[in-house]
Amino acid sequence: PQTLITPSLGSLLQGVRSRQLSPEQLRSLGALVCDMEPETIPASAPAVLENLKLCPVLTGAQKDALNAVLLGGDTAYGDPSSWDLWTLQSLGPLVLALNQTTLSLV
């Protein structure tokens, strides 16, 4: 069993070191993304937002990175200027991390 775990863990750690997490790595990491460096957020697949919903607290730098990703518009949520009530509800706890710049576009 250890031989099966080691390659998987190794491939996950390789992604963490490169600060680019693929959707597959994000699914495996779950809430562990909460402890990643803020630079990992914009470098990762847009699916990182779903992982961030699991975080009880985000640092200021993580919130800044989250807003940068959302402002880019290349997520399942689209451009903030097109958001509606459903989109805001879908963002869930991430709504609390939105900054004034992002909110002003809604």
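**Note on a predicted all-helical model**

1. In this predicted model, the largest nonpolar core comprises 23 residues, and those with the most contacts inside it are Val33, Leu49, Leu52, Leu66 and Leu70. Helix H2 (23-29), helix H4 (48-52) and helix H5 (60-72) each contribute at least two residues to this core, and H5 gives the most, with four residues. As general background, nonpolar side chains in soluble globular proteins tend to be buried together.

2. The protein contains seven helices and zero strands, so that, read from the N terminus on, its elements follow the order α-α-α-α-α-α-α. Of the 106 residues in the protein, 37% are buried, while the exposed surface amounts to about 6,300 Å², with carbon and sulfur atoms supplying 60% of it. Among the contacts with a separation of 6 or more, 40% are between residues 24 or more positions apart.

3. Helix H5 deserves a separate look. Its 13 residues should span 18 Å at 1.5 Å a residue, and its end C-alpha atoms are 19 Å apart, which agrees. The buried residues of H5 are Gln62, Ala65, Leu66, Asn67, Val69 and Leu70, and these buried residues pack against H3, H4, helix H6 (85-91) and helix H7 (100-105). Just after H5, Gly73 adopts a positive phi of about 75°.

4. Which residues does Leu70 touch, not counting those up to four places away in sequence? The set consists of Leu49, Thr75, Tyr77, Gly78, Pro80, Trp83, Leu91 and Leu98. Leu70 is one of the buried residues of H5, and Leu70 and Leu49 are both among the residues with the most contacts inside the largest nonpolar core.

5. The count of disulfides comes to one, and this disulfide joins Cys34 to Cys55 with an S to S distance of 2.0 Å. Cys34 lies in the loop between H2 and helix H3 (40-43), whereas Cys55 lies in the loop between H4 and H5, so the pair ties together parts that are 21 residues apart in sequence. The torsion about the S-S bond of Cys34 and Cys55 is about -100°, and the disulfide is therefore left-handed. Are these two cysteines, Cys34 and Cys55, buried or exposed? Both Cys34 and Cys55 are buried.

Definitions and conventions:
Residues are numbered from 1 along each chain as its sequence is written. This is a predicted model: local features need pLDDT of at least 70, side-chain atom pairs count only at pLDDT 80 or more; totals for chains, interfaces and linings use all residues. Side-chain values use heavy atoms; hydrogens and water are left out. A nonpolar core is a set of buried Ala, Val, Leu, Ile, Met, Phe, Trp, Tyr and Cys residues joined through side-chain atoms within 4.5 Å. Buried means under 20% relative accessible area, exposed over 50%, partly exposed in between (1.4 Å probe, protein chains only). Contact means heavy atoms within 4.5 Å. Accessible areas come from the Shrake-Rupley method with a 1.4 Å probe; for residues, only the protein chains shown count as cover. A disulfide is a pair of cysteine sulfur atoms within 2.5 Å. The expected span of a helix is 1.5 Å times one less than its number of residues.
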